[in-house]
Amino acid sequence: MLAVGWLVANASGPLLAQSTGLPLPRFVSLASDEINVRTGPGEMHPIRWVFTRRGVPVQIVEEALDWRRITDHEGETGWIHASLLSSRRTILVTGDTRPLRRTPDHEARIIAFVEPMVIGLLLNCERSWCLVEIDDRRGWLQRGQFYGALETELSG
């Protein structure tokens, strides 16, 4: 019986899928400052690239045992061990410098300008706006100004 378990866990082919029951796709964040992203679900697969920044949001698109296939903000995909991911929701500002607004309105007062690649916490979304916290400041960004939330989630 142990030999069969070893063969399944160490096979070079596809692993048997084990669902957490959580919806796919879904966003999570990186729980460590250095995370290997592999070409397949297991340490026997080559490293494709290495993340070097804790908190970056990634989207889980597939699950296989203790491994998660993720997509990053550039659309690249790879596999990360589940223990290296956090359920803490974060956002990554994309594109140009973005205005952080006091309320979810184009005419609302700007409370800060946020540079590209800044990471913040995702708190809530309402329609096309999301409430985020960046450097102890809470404000609203439009969904298209960051990576880290699906169009259909957290809507009020």
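**Exercise 1. State how much surface the protein exposes and what share of it carbon and sulfur supply.**

Solution. The protein exposes about 8800 Å². Carbon and sulfur atoms supply 52% of that area. The model is predicted, and these values are computed from it.

**Exercise 2. Describe the overall make-up: secondary structure, burial and contacts.**

Solution. Begin with the elements: there are 14 strands and 1 helix. Next, take burial. The chain has 156 residues, and 40% of them count as buried. Last, take contacts with a separation of 6 or more. Residues 24 or more positions apart account for 55% of these.

**Exercise 3. Find the disulfide and characterise it.**

Solution. Search the whole structure: 1 disulfide turns up. Cys125 and Cys130 are the partners, with S to S at 2.0 Å. The cut-off is 2.5 Å, so the pair qualifies. Now check the geometry. The angle about the S-S bond is 100°, and the link of Cys125 and Cys130 is right-handed. Finally, check exposure: Cys125 and Cys130 are both buried.

**Exercise 4. Place Ile110 in its strand, then explain why Ile110 counts as partly exposed.**

Solution. Locate the residue first. Ile110 lies in strand E10, which covers residues 110-114. Its relative accessibility is 32%. Partly exposed runs between the 20% and 50% limits, so Ile110 falls in that class. Then list neighbours, leaving out residues up to four places away in sequence. Ile110 touches Pro99, Leu100 and Arg101. One further distance completes the picture. Gly139 is 29 residues from Ile110 along the chain, and their C-alpha atoms are 8.6 Å apart.

Terms used
Residues numbered from 1 in each chain as written. Predicted model: local features only at pLDDT ≥ 70, side-chain atom pairs only at ≥ 80, totals over all residues. Heavy atoms only, no water. Buried < 20%, exposed > 50% of the residue type's maximum accessible area, 1.4 Å probe, protein only. Helix = DSSP H or I, 4+ residues; strand = E, 2+ residues; numbered from the N terminus. Contact = heavy atoms within 4.5 Å. Areas by Shrake-Rupley, 256 points an atom, 1.4 Å probe, with all protein chains shown as cover.
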